[in-house]
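Here is a friendly walk through a structure, with a few questions to answer along the way. Have the 3D view ready and follow along.

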Amino acid sequence: MHITFVRPLHLNAVASVIALSVAASVTPVAAQEVSGVWVRGTIKGQSATGAFMQIRSDRLLSLISAASPVAGVVELHEMAMQGGVMSMRAVPQIDVVPGKALELKPGGYHVMLMDLKQELKAGESVPISLRFRGADNTEKVVEIKAEVAPLTKPAAKH
Amino acid sequence: MSRAIAHAMLAACALLSACDWSDRKFAHVDVTGATYAREFALTDHTGQPRTLADFRGKVVLIFFGYTQCPDACPTALSEMRAVMDAIGHDDAARIQVLFVTVDPQRDTPELLSHYVPAFHPSFLGLYGDAATTARTAKSFNVFYERREGKTPTTYTIDHTAGSYVYDTFRRLRLFVRHGMGPASITTDVKTLLAER
């Protein structure tokens with residue numbers, strides 16, 4: 001029996017952010033895929049929000065920084081709960097291990113967008129540049145677009 | 001339940017030490033009788049002075065946070081929104097969700113007036129000046145600490161992430177740890193609403 005899976009519309013957004021690096025030299029370069037990118041919408045006056053996504057790579061890769069034209073300061077953050085206290089810390093890098101999706105999600109890592117220059121409205125999209133470093137110390141920048149979700153989006157997908 | 005049966009059950013419980021009814025009443029941490037988190041005097045996002053007494057007859061849920069928080073705070077508020085949706089219109093009118101900012105410097109009344117009701121129109125944002133905020137947090141056993149960022153405006157705030165729940169008689173009853181999901185909160189709120 002053949003079953004055809006119809007790709008839901010929202011996956012098209014995923015497809016559009018798949019970035020494959022082209023091996024320009026003899027040395028093969030890591031290929032990574034960034035999917036499910038979303039940023040929490042803001043209301044006027046709010047100056048910070050977070051972007052969330054999944055990143056896969058066929059080689060060890062480190063996400064070392066991010067930038068976006070909508071934010072003055074962009075950092076990689078880790079949220080942690082200790083003794084009931086929520087803390088957020090900037091981290092220097094987040095490693096992507098081959099064969100395992102790195103999840104940036106509420107309760108864990110996020111790309112923190114601060115000193116926002118504009119309100120981020122649901123339905124819009126926000127460009128973000130992700131800078132990766134490979135195990136061989138080469139760096140590359142991957143451009144993605146994050147879909148703006150409502151401010152009130154729950155943490156877990158249902 | 002007849003008195004004889006009640007006595008029999010009590011006797012059975014005395015024999016079985018594992019039998020603990022108090023643990024079964026609520027899914028969340030029962031803090032009934034705690035001496036902290038008794039009262040506050042803050043201002044709501046419309047400018048009205050507020051104390052716990054204003055919400056008599058309602059089950060009150062209080063959460064401390066700040067609007068520049070991308071993770072724990074909107075997650076907690078969207079969970080409370082889900083509780084409101086799950087509990088039904090009539091009972092939802094007997095619930096009051098309060099969001100107390102630990103960042104009065106950036107969380108202006110205007111910002112709170114847009115942010116908090118975005119989750120549910122009945123939710124209220126509360127604020128005080130720096131000293132009132134510190135005093136209130138201390139009396140609620142809520143920890144918060146500012147962590148400087150790269151620029152003067154990008155500081156973050158570590159804070160206790162969890163909600164206090166009061167019964168309709170203004171008594172502190174439960175502490176809800178962060179990220180427990182709306183289902184168990186809904187169950188406990190229903191239990192509190194059913195109390196007479």
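Which residue in strand 5 of chain B does B:Phe64 stand opposite? The partner of B:Phe64 is B:Val100. Please keep in mind that this is a predicted model.

## Chain B at a glance

Chain B holds seven helices and 10 strands. Its length is 196 residues, and 38% of them count as buried. Contacts in chain B between residues at least 6 apart in sequence are often long-range, with 67% joining residues at least 24 apart.

## Strand 4 and its neighbours

Strand 4 of chain B (59-65) is a good place to begin, since seven of its seven residues are buried. In a regular strand, side chains alternate between the two faces of the sheet. Here both faces are covered: B:Val59, B:Leu61, B:Phe63 and B:Gly65 are buried on one side, and B:Val60, B:Ile62 and B:Phe64 are buried on the other.

Strand 4 of chain B also has two pairings to look at. With strand 5 of chain B it runs parallel, joined by seven bridges. With strand 9 of chain B the sense is antiparallel, over four bridges, and one place to see this pairing is B:Val60, whose bridge partner in strand 9 is B:Tyr166.

## Helix 7 of chain B

How far apart are the end C-alpha atoms of helix 7 of chain B? The distance is 18 Å, which agrees with the 18 Å expected for the 13 residues of this helix (182-194) at 1.5 Å a residue.

The buried residues of helix 7 of chain B are B:Ile185, B:Thr186, B:Asp188, B:Val189 and B:Leu192. These residues pack against several elements of chain B, including strand 4, strand 10 (172-177) and helix 3 (72-87). Strand 5 (95-101) and strand 9 (162-166) of chain B are also among their packing partners.

## Nonpolar cores

In soluble globular proteins, nonpolar side chains tend to be buried together. The largest nonpolar core in this model has 50 residues, of which B:Met80, B:Leu98, B:Phe99 and B:Val165 touch the most other members. Helix 3 of chain B gives the largest share of this core, nine residues. Leaving aside residues up to four places away in sequence, B:Met80 touches B:Leu61, B:Val97 and B:Phe119. A second, separate core has 35 residues, with A:Ala30, A:Phe52, A:Leu120 and A:Ile128 among them.

## Where the chains meet

The contact between the chains takes 33 residues from chain B and 28 residues from chain A. On the chain B side, helix 3, helix 5 (109-119) and strand 8 (156-160) each supply at least two residues. Helix 3 of chain B again gives the largest share, seven residues. By type, the chain B side divides into 10 nonpolar, 16 polar and seven charged residues.

Strands pair across the two chains as well: strand 6 of chain A (residues 85-90) and strand 8 of chain B run antiparallel and are joined by two bridges. In this pairing, A:Val85 has B:Thr160 as its bridge partner.

## A closer look at A:Asp95

A:Asp95 sits in strand 7 of chain A (residues 94-96). Is A:Asp95 buried or partly exposed? Because 13 other C-beta atoms lie within 10 Å, A:Asp95 is partly exposed. Not counting residues up to four places away in sequence, A:Asp95 touches A:Leu60 and A:Ser62. A:Ile64 is 31 residues from A:Asp95 in sequence, and their C-alpha atoms are 8.6 Å apart in space.

How values were computed. Residues are numbered from 1 along each chain as its sequence is written. Chains are lettered from A and ligands numbered from 1 in the order in which they are written. This is a predicted model: local features need pLDDT of at least 70, side-chain atom pairs count only at pLDDT 80 or more; totals for chains, interfaces and linings use all residues. A residue is buried if 20 or more other C-beta atoms lie within 10 Å of its own, exposed if 12 or fewer, and partly exposed in between; C-beta atoms are placed from the backbone. Two residues are in contact if their C-beta atoms, placed from the backbone, lie within 7 Å. The expected span of a helix is 1.5 Å times one less than its number of residues. Ala, Val, Leu, Ile, Met, Phe, Trp, Tyr, Cys and Pro count as nonpolar, Asp, Glu, Lys and Arg as charged, and the others, Gly among them, as polar. Two strands pair if DSSP finds at least two bridges between them. A nonpolar core is a set of buried Ala, Val, Leu, Ile, Met, Phe, Trp, Tyr and Cys residues joined through C-beta atoms within 7 Å.
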